[in-house]
Amino acid sequence: MTAPTVRDRRVLITGGAGFVGRHLADALRVDNDVRVLDDGSAGDPDALPDDVSYVPGDVRDEATVADATEDVDLVFHEAAVVSVARSVDAPGESHAVNLTGTVNVLEAARRRDARVVFASSAAVYGQPARVPIAEDDPTGPLSPYGLQKLSADRYVRLYADLYGLETVALRYFNIYGPGQTGGDYAGVITVFLDNVRAGEPLVVHGDGTQTRDFVHVSDVVQANLRAATTDAVGEAYNVGTGRSVSIRELAETVRDAAETDVPIEHGPAREGDVPASRADISKARERLGYEPRVDLADGLAGLLA
Ligand code: NAD
């Protein structure tokens with residue numbers, strides 16, 4: 001089933017200069033009026049296409065968010081401090097962006113009666129009780145980032161229940177794809193690709209048996225487009241592939257795809273790394289019609305081409 005067309009909407013993408021936001025802007029800009037609100041702290045506003053209007057600003061500022069939401073009927077809220085490590089170092093800063101910023105977006109949307117599609121995270125689950133992880137499984141964030149995403153995810157739901165606002169939370173698993181920059185969050189694919197290009201060893205943290213569900217950014221865009229048009233609002237949905245690979249296997253796949261023989265080395269395990277993560281995507285499949293299309297090997301080959 002092809003993703004629904006979103007057209008003739010006035011769209012705001014917060015964090016639209018970042019990795020996911022830019023892909024979303026690209027998918028929407030031809031048929032819609034697209035505005036990006038971004039403070040440029042991580043993304044690259046200069047790389048935005050000319051037909052996307054850019055509002056420099058901070059989601060922590062209520063008036064800025066309200067102004068940017070003027071005349072908008074659909075909001076994709078991607079802006080966040082996405083680094084788990086940074087949230088551990090400075091919980092107050094990430095709280096202000098990730099939680100207060102989300103409440104600012106919800107309030108502005110409530111005044112406009114605009115639909116909000118929120119970038120939640122698999123980090124809400126923390127150490128999963130079982131895999132695959134379903135949306136109503138226990139949550140237990142292990143970092144300020146995860147807790148902020150969980151609280152924001154609940155606010156998003158509450159705004160639907162309390163005010164009848166059309167909201168959807170998409171709990172992204174580990175996203176990868178073109179334009180992703182390095183960093184310590186979901187960056188393992190970027191790091192491995194940089195390493196094989198430089199002919200350097202791939203360093204796996206711990207024994208490499210930890211598993212992750214890597215989802216291509218084009219499938220994340222697909223989920224957002226479906227969330228923008230669905231009747232099944234007021235819900236949270238997992239956005240992954242339903243498949244997982246171990247980090248050791250990932251390193252081998254990247255090395256094979258790159259046709260190099262760089263060594264794979266093992267470094268110390270990272271504290272707080274969950275041993276297994278995989279999305280149960282049946283809810284998104286059934287209610288949104290979401291179907292991931294890019295298989296990991298193809299996605300990696302595309303990045304190496
Ligand atoms: P990103 O860092 O590339 O993009 C985030 C954007 O938000 C950046 O352009 C940054 O400049 C902007 N931003 C940060 N603070 C801001 C502020 N105070 N005001 C305005 N703009 C601000 O990250 P991404 O990978 O594109 O992630 C998008 C969203 O998806 C985030 O909410 C993130 O938490 C969530 N998420 C991402 C992943 C992943 O694997 N990439 C997984 C789960 C959830």
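This is a conversation about a predicted model, covering its sheet, one helix, some salt bridges and two buried polar side chains.

Trainee: Before we start, what should I keep in mind about the numbers?

Mentor: Residues are numbered from 1 along each chain as its sequence is written, and side-chain values use heavy atoms, with hydrogens and water left out. Since the model is predicted, local features need pLDDT of at least 70 and side-chain atom pairs count only at pLDDT 80 or more, while totals for chains, interfaces and linings use all residues.

Trainee: OK, the sheet then. What is the order of its strands?

Mentor: The open sheet has 7 strands in the order β3-β2-β1-β4-β5-β6-β11, with parallel pairing. At its edges stand β3 (52-56) and β11, each with a single partner strand, so one side of each has no neighbour in the sheet. On average, neighbouring strands are turned by 20° against each other, direction ignored; for such angles, axes are lines fitted to C-alpha atoms, for helices over the stretch in contact, and angles run from 0 to 180 degrees between N-to-C directions.

Trainee: And what counts as a strand, or as a pair of them?

Mentor: Strands (E, at least two residues) and helices (H or I, at least four) are DSSP runs numbered from the N terminus, and two strands pair if DSSP finds at least two bridges between them.

Trainee: Take β4. Which residues are buried on its two faces?

Mentor: In β4 (residues 74-77), Leu-74 and Phe-76 are buried on one side, and Val-75 and His-77 are buried on the other. Buried here means under 20% relative accessible area, exposed means over 50%, and partly exposed lies in between, with a 1.4 Å probe and protein chains only. In a regular strand the side chains alternate between the two faces of the sheet.

Trainee: How many bridges join β4 to β1, and how many to β5?

Mentor: There are 4 bridges between β4 and β1 (residues 10-14), which run parallel, and Leu-12 has Val-75 as its bridge partner in β4. Another 4 bridges join β4 to β5 (residues 115-121), also a parallel pairing, where Phe-76 is partnered by Val-117.

Trainee: What about β5 and β6?

Mentor: They run parallel and are joined by 6 bridges, with Leu-170 of β6 as the bridge partner of Ala-119.

Trainee: Switching to helices, how far apart are the end C-alpha atoms of α5?

Mentor: The ends of α5 (residues 144-163) are 27 Å apart, which agrees with the 28 Å that its 20 residues should span at 1.5 Å a residue, the expected span being 1.5 Å times one less than the number of residues. Just after α5 comes Gly-164, whose phi is positive, near 70°.

Trainee: What covers the buried part of that helix?

Mentor: The buried residues of α5 include Leu-150, Val-156 and Tyr-159, and what covers the buried residues includes α3 (84-89), α4, β5, β6 (167-172) and β11 (235-239).

Trainee: Now charges. How many salt bridges are there?

Mentor: A search of the whole structure gives 19, where a salt bridge is a side-chain nitrogen of Lys or Arg within 4 Å of a carboxyl oxygen of Asp or Glu. One of them joins Asp-26 and Arg-29, with the closest N and O atoms 2.9 Å apart, and another joins Asp-58 and Arg-60 at 2.8 Å, N to O. Arg-9, Arg-10 and Asp-73 are linked in a network of salt bridges.

Trainee: Are those two pairs buried or exposed?

Mentor: Partly exposed: Asp-26 has a relative accessible area of 43% and Arg-29 has 26%, while Asp-58 is at 22% and Arg-60 at 35%.

Trainee: Which salt bridge sits within a helix?

Mentor: Arg-110 and Glu-107 meet in one at 2.9 Å, N to O, and both lie in α4 (residues 91-112), 3 residues apart, about one turn of the helix. Arg-110 is partly exposed at 34%, whereas Glu-107 is buried at 19%.

Trainee: Last topic, polar side chains. What does Ser-121 reach?

Mentor: Ser-121, in β5, is buried with a relative accessible area of 1%, and its side chain reaches the backbone nitrogen of Ala-123 at 2.9 Å.

Trainee: And where is Gln-210?

Mentor: Gln-210 is in the loop between β8 (202-205) and β9 (211-212), and is buried at 10%. A polar atom of its side chain lies 2.8 Å from the backbone oxygen of His-205, and the side chain of Gln-210 also reaches the backbone nitrogen of Gly-208 at 3.2 Å. Leaving aside neighbours within four places in sequence, the residues in contact with Gln-210 (heavy atoms within 4.5 Å) include Val-245, Ile-247 and Pro-275.

Note on methods
Polar contact = N/O pair within 3.5 Å; in protein donor to acceptor, adjacent residues only side chain to side chain.
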